[in-house]
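The following exercises concern the reading of packing and burial from a set of coordinates. Each task is followed by a solution in steps.

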Amino acid sequence: MSLHVENVRKKYGDYYAIKHLSFSIERPGVFALLGTNGAGKTTAIRVILGMLAKESGTVTWNGRPLDVVNEKIGYLAEERGLYPKYNIVEQLHHFAELKGVKKKAATTAIDYWLERLKADEHRKKRADQLSKGNQQKVQLAAALISDPELLILDEPMSGLDPVNADLFKEVIREQIARNKFVIMSSHQMSTVEEFCENIVIMNRGDVVLQGNLNEIKKGYGRVNLSVKADANILPFAKECGLEPLSQTPNGIDFKTKSESQAQELLGKIVNAGITLVKFELREPSLHEIFVEKVGGGNVIKSGEDCAG
């Protein structure tokens, strides 16, 4: 199985929300579609699912045009998609029927997912009686009810406390273990790093970075240095040509030109007999890469937001 998105374009009036989007998912796992608010990622998801018409390009699943009606696809939307005045079990049966799941199989799946997501106590409640987090659980259950081969998660951790965020992560890991294809869109870069091997970062409809996350990080090199010590090490850093980027109770961050520059600082600290609590030279995090690619002057201005 594989998903191929080729040269997809989408515009609203004269504004292109997606200019040229191409990527492929060749094997099971999690693929990240990232961007600032208004970058085009939610629009891209809706175009992939056929919810929005595209100007050009193709979306194929297993070599054929993606057919969301007849393929086993699960979608967790960022916006709440529940009927507020209907109880949860009735809604889940309705969503299962829309996906072609037989009633007996749907009942089994609904019971399983409400129990697995610790939402069984809410089965007879109306959606408008649930917290945001519990509504998110119901929507994830709806996305998983047909045992989809392709699962698309748009901001899956939105509205979740840490305990339930960990629960969602466990479920996602279970889907990965079952060789599912997952597309995840999230603003939580640390969550993306936990799961995703390959990423696309979008900004104003353009792809600004794409590829294997580990390879992207290696391309930057180990240039981010974090130091925490029991004494002031800034004079030594200055001697090494290092200026602090930030200083917090957890330490001081620097951007180095080379590993040898970091080793020079380490030598000065050790020779001075200063106790080190932390000395970490690392590749940039996805958060730092993301900010570099779309932050500052690249951030979309108010009024340019077109559906995510």
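**Exercise 1. Determine whether I18 is buried or exposed, and describe its surroundings.**

Step 1. I18 has a relative accessible area of 0% and is therefore buried (buried means under 20% relative accessible area, exposed over 50%, and partly exposed in between, with a 1.4 Å probe and protein chains only). The model is a predicted one, in which local features need pLDDT of at least 70 and side-chain atom pairs count only at pLDDT 80 or more, while totals for chains, interfaces and linings use all residues. Residues are numbered from 1 along each chain as its sequence is written, and side-chain values use heavy atoms, with hydrogens and water left out.

Step 2. I18 belongs to strand β2 (residues 15-25). Helices (H or I, at least four residues) and strands (E, at least two) are DSSP runs, numbered from the N terminus.

Step 3. Apart from neighbours within four places in sequence, I18 is in contact with V8, R9, K10, G40, T43, A44, V47, M202 and G205; contact means heavy atoms within 4.5 Å.

Step 4. The C-alpha atoms of I18 and R204 lie 7.6 Å apart, although 186 residues separate the two in sequence.

**Exercise 2. State which strand holds V207, and relate V207 to I18.**

Step 1. V207 is placed in strand β10 (residues 206-212).

Step 2. With a relative accessible area of 26%, V207 is partly exposed.

Step 3. V207 and I18 are 189 residues apart in sequence, and their C-alpha atoms are 8.8 Å apart in space.

Step 4. Not counting residues up to four places away in sequence, V207 touches H20, L21, V200, I201 and M202.

**Exercise 3. Establish how many residues of helix α1 are buried, and examine what comes just after α1.**

Step 1. In helix α1 (residues 41-48), 8 of the 8 residues are buried, so the helix is largely enclosed by the rest of the structure.

Step 2. The buried residues of α1 include T43, A44 and V47, and these three are also among the contacts of I18.

Step 3. Just after α1, G50 adopts a positive phi of about 80°.

**Exercise 4. Characterise the packing of α2 with α4, and locate Q91.**

Step 1. Two packed helices are described by the angle between their axes and the distance between the axes. Here, the axes of helix α2 (residues 88-98) and helix α4 (residues 132-144) come within 9 Å and cross at roughly 30°. Axes are lines fitted to C-alpha atoms, for helices over the stretch in contact, and angles run from 0 to 180 degrees between N-to-C directions.

Step 2. The helices α2 and α4 are therefore roughly parallel to each other. Angles under 35 degrees count as roughly parallel, over 145 as roughly antiparallel, 65 to 115 as roughly perpendicular and the rest as oblique.

Step 3. I88, L92 and F95 of α2 make the contact with V138, A141 and A142 of α4.

Step 4. By class, the residues of this contact are 6 nonpolar, no polar and no charged. Ala, Val, Leu, Ile, Met, Phe, Trp, Tyr, Cys and Pro count as nonpolar, Asp, Glu, Lys and Arg as charged, and the others, Gly among them, as polar.

Step 5. Q91 is also in helix α2; its relative accessible area is 1%, so Q91 is buried. Beyond residues up to four places away in sequence, Q91 touches L82, Y83, Y86 and A127.

**Exercise 5. Analyse the pairs α3 with α5 and α7 with α10.**

Step 1. Helix α3 (residues 103-116) and helix α5 (residues 162-177) pack at an angle of about 135°, with their axes 11 Å apart. This angle makes α3 oblique to α5.

Step 2. Y112, W113 and R116 in α3 meet L167, E170, V171, E174 and Q175 in α5. The contact has 4 nonpolar, 1 polar and 3 charged residues.

Step 3. The axes of helix α7 (residues 213-220) and helix α10 (residues 286-294) come within 11 Å and cross at roughly 75°, which makes α7 roughly perpendicular to α10.

Step 4. L213, I216, K217 and Y220 of α7 make the contact with L286, I289, E292 and K293 of α10. These residues divide into 5 nonpolar, no polar and 3 charged.
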